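Please read the following note with the model open beside you, taking each point in turn and finding the residues for yourself before moving on.

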Protein chains: 2
Amino acid sequence: MFKINDNYLKLPGSYLFSTIAKKVNAFTEANPDKKIIRLGIGDVTQPLAPAIIGKLHDAVEDMAHAETFHGYAPDLGYEFLRSAIARNDYADRGCDIGADEIFVSDGAKCDSSNIQEIFALDNKIAVCDPVYPVYVDSNVMAGRTGTYDPKAETWSDVIYMPCTAENDFAPQLPEETPDLIYLCYPNNPTGSTITKAQLQEWVDYANKVGAVIIYDAAYEAYISEPDVPHSIYECEGARTCAIELRSFSKNAGFTGVRLGFTVIPKDLKCGDVALHSLWARRHGTKYNGAPYIVQRAGEAVYSPEGKAQLKEQVAYYMNNAKVIYEGLKSAGYTVSGGVNAPYIWLKTPDGMTSWEFFDHLLEKANVVGTPGSGFGPSGEGYFRLTAFGNYENTVEAVERIKAL
Amino acid sequence: MFKINDNYLKLPGSYLFSTIAKKVNAFTEANPDKKIIRLGIGDVTQPLAPAIIGKLHDAVEDMAHAETFHGYAPDLGYEFLRSAIARNDYADRGCDIGADEIFVSDGAKCDSSNIQEIFALDNKIAVCDPVYPVYVDSNVMAGRTGTYDPKAETWSDVIYMPCTAENDFAPQLPEETPDLIYLCYPNNPTGSTITKAQLQEWVDYANKVGAVIIYDAAYEAYISEPDVPHSIYECEGARTCAIELRSFSKNAGFTGVRLGFTVIPKDLKCGDVALHSLWARRHGTKYNGAPYIVQRAGEAVYSPEGKAQLKEQVAYYMNNAKVIYEGLKSAGYTVSGGVNAPYIWLKTPDGMTSWEFFDHLLEKANVVGTPGSGFGPSGEGYFRLTAFGNYENTVEAVERIKAL
């Protein structure tokens with residue numbers, strides 16, 4: 001008789017954003033006349049930039065003719081996209097990353113959940129707390145996290161690194177030595193960042209203890225301050241300890257287009273074995289590449305017109321971030337984030353729990369946000385709002401919250 | 001110090017089609033004047049049908065305007081596609097499958113390699129021999145296959161079900177009881193099929209012993225004979241024992257577009273736990289949906305124009321199959337397949353091994369095929385040719401082989 005992977009049964013409740021969607025749907029059904037404003041999930045609202053639309057149409061036409069038709073993509077992704085990434089995201093920032101160290105994928109969610117597969121099951125992970133739930137949940141499914149303590153809402157075999165107002169939302173080096181360290185900067189959910197000097201400490205630490213940093217830079221395009229690193233490879237020594245995950249979802253609005261990439265430098269090794277070769281094997285065996293038309297759309301992101309248009313799009317969302325940040329601050333909320341990231345992190349008022357504030361906001365202001373506790377125990381008492389709405393809705397949502 | 005998943009190191013050599021690509025590239029570099037004809041990998045060559053191109057352009061336009069822009073897709077896929085699948089692929093064939101039992105994905109390769117994740121590591125798999133390498137390799141990576149015997153080219157914990165000329169390429173029920181049974185009909189690589197009565201025996205067997213059948217029906221569109229089942233759900237009792245994998249790669253030429261789906265009936269359970277809920281959890285946590293524009297392209301496959309155009313496309317490839325089958329037969333080869341599948345399976349001549357024949361064909365006829373032994377030990381002495389080339393090349397390849 002077949003048996004299931006019972007690690008799945010250890011997962012408490014459903015995936016955070018599925019739970020929120022269900023709650024919102026129930027409210028909408030019960031209150032069909034209310035206009036809900038969604039500042040919860042990090043989904044974009046602005047249409048694709050004209051340069052991308054044009055390239056998509058061209059690529060669709062390529063698929064209409066035998067001479068320009070494209071079947072299976074190369075394992076690592078098309079050269080035209082990988083070299084555009086290597087040049088623009090790395091060489092231009094002084095980072096030494098080759099096009100053949102870049103693996104094109106259908107997004108950072110898949111990559112950040114699949115990357116753990118190439119590591120041993122008894123490796124110990126360290127995560128920031130609060131944290132993007134996918135890092136932990138994918139390790140739970142693999143059986144790497146031990147037992148769950150429902151009261152503390154923590155796993156016995158996970159090292160939690162609290163990020164709270166006390167440490168300015170930047171984690172300390174952990175006391176217990178981890179094997180895999182998940183870092184995300186600019187941070188989801190807190191909207192915080194760290195400086196290049198701070199990140200260099202992590203790189204030095206990882207090289208010293210023999211840990212791998214899985215560095216999620218999905219929000220890199222939102223960095224506005226000069227001393228914040230755009231890539232972990234700006235730090236010396238990162239080629240021997242860091243994997244970087246990138247996404248086109250937030251810088252180019254590709255949440256529904258699906259494109260991302262993972263960088264694994266060939267110097268990152270366990271003994272003689274390059275992690276690059278393991279991930280290449282996984283790509284070859286378990287994946288069939290991002291669609292040709294989508295990879296062409298990715299190429300357009302790096303064209304001069306694409307860059308100009310996307311700079312405006314990011315500015316549009318960052319203006320929303322400013323509206324939220326300043327609006328809530330003026331209303332007496334304690335807020336952070338929103339300067340180098342599209343997320344605003346706020347302290348819930350009057351000692352409310354995160355979910356109490358979620359319900360309060362949904363019912364009284366018809367605004368959807370994300371409860372901080374959904375990202376981990378240290379997120380309790382916090383709440384995340386995103387800048388990805390449209391401007392008019394964002395202004396209205398802030399007015400409604402101020403009026404509470 | 002971090003450690004790798006050393007199951008990866010157990011994998012002998014690289015993924016079959018990567019090896020072939022490297023050999024062909026080396027030959028091309030050494031012989032730049034030779035015109036290679038590729039009948040190896042199952043990649044299509046005909047452009048997308050006009051109905052699909054039109055729909056792709058429309059969907060790209062949707063993404064250009066805020067009112068019709070689409071961000072993150074629903075976890076299971078868009079309702080418009082899932083209901084088109086449920087109606088056309090299942091209800092119209094008398095199969096009881098709901099739209100909410102269909103999980104849209106980016107292709108059958110991903111699904112067939114990921115599906116093993118929801119099962120326990122000590123489940124025993126049974127595979128046909130020869131077999132599509134992904135089924136076995138994904139289980140090797142997970143650590144489910146025991147040790148490799150390089151001489152026999154088999155894994156200690158895998159049940160092999162030989163499919164050779166002696167049993168008309170249809171496996172017998174295994175003597176040892178498996179937990180997971182991988183079946184693929186019409187078959188890749190042999191091009192064979194089984195009747196509905198034969199498939200019913202497998203369903204009855206799986207229900208009796210408590211096994212799950214993972215049924216890969218990626219080549220369903222190529223069935224030309226009446227008694228061959230298009231879906232395992234045509235068999236009674238399949239809802240309690242079968243998962244079906246489908247692809248748009250071969251029926252609609254989507255190898256570079258990337259779309260597929262998996263069906264998990266809600267009646268398929270281990271104790272109280274529905275496999276549907278586990279796969280839904282995996283989709284929600286580790287995947288972010290197929291692109292909106294690609295799901296719209298999938299919808300066009302089921303439109304009246306789409307159906308008519310794709311029927312012609314399949315007929316085009318099946319004409320190639322006939323050219324290969326009859327050409328090789330007239331030249332004295334022993335051939336099978338090619339009637340309900342786009343693959344022709346031939347016995348290598350003069351006692352050559354599969355790889356000897358691969359080299360022979362590449363060097364002497366400049367034709368690329370796939371060595372049968374790459375699909376498993378019982379594939380030794382066989383060779384696969386695909387009908388997915390264009391007509392002119394296919395005719396020329398057959399002439400070259402006949403001239404050897």
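**Notes on the predicted model**

1. A good place to begin is B:Arg400, which touches B:Lys35, B:Ile37, B:Ala365, B:Asn366 and B:Val367 when residues up to four places away in sequence are not counted. Please keep in mind throughout that this is a predicted model.

2. B:Arg400 lies in helix α12 of chain B, which covers residues 391-403, and its side chain makes a polar contact of 2.6 Å with the side chain of B:Glu396. Because its relative accessibility is 18% and buried means under 20%, B:Arg400 counts as buried.

3. Helix α8 of chain B (residues 275-286) has 12 residues, which at 1.5 Å a residue should span 16 Å, and the end C-alpha atoms are indeed 16 Å apart, so the two values agree. Of these 12 residues, 10 are buried, and α8(B) is therefore largely enclosed by the rest of the structure; among the buried ones are B:Leu275, B:Trp279 and B:Lys286.

4. Chain A is divided into domain 1 (7-47 + 307-403) and domain 2 (53-304), and the centres of these two domains of chain A, taken over C-alpha atoms, are 24 Å apart. In contact across the boundary are 37 residues of domain 1 of chain A and 47 residues of domain 2 of chain A.

5. Between domain 1 and domain 2 of chain A, about 3,300 Å² is buried, with carbon and sulfur atoms giving 60% of that area. The count of salt bridges between these domains is zero, whereas 14 residue pairs are in polar contact across the interface. On the side of domain 1 of chain A that touches domain 2 of chain A, the largest share, seven residues, comes from α10(A).

Technical notes. Residues are numbered from 1 along each chain as its sequence is written. Chains are lettered from A and ligands numbered from 1 in the order in which they are written. This is a predicted model: local features need pLDDT of at least 70, side-chain atom pairs count only at pLDDT 80 or more; totals for chains, interfaces and linings use all residues. Side-chain values use heavy atoms; hydrogens and water are left out. Helices (H or I, at least four residues) and strands (E, at least two) are DSSP runs, numbered from the N terminus. The expected span of a helix is 1.5 Å times one less than its number of residues. Buried means under 20% relative accessible area, exposed over 50%, partly exposed in between (1.4 Å probe, protein chains only). A polar contact is a pair of N or O atoms within 3.5 Å; within protein, one must be able to donate a hydrogen and the other to accept it, and residues adjacent in sequence count only if both atoms are side-chain atoms. Contact means heavy atoms within 4.5 Å. Domain bounds come from an automatic or database domain assignment. Buried area is the accessible area (1.4 Å probe) that two parts lose on being put together, summed over both. A salt bridge is a side-chain nitrogen of Lys or Arg within 4 Å of a carboxyl oxygen of Asp or Glu.
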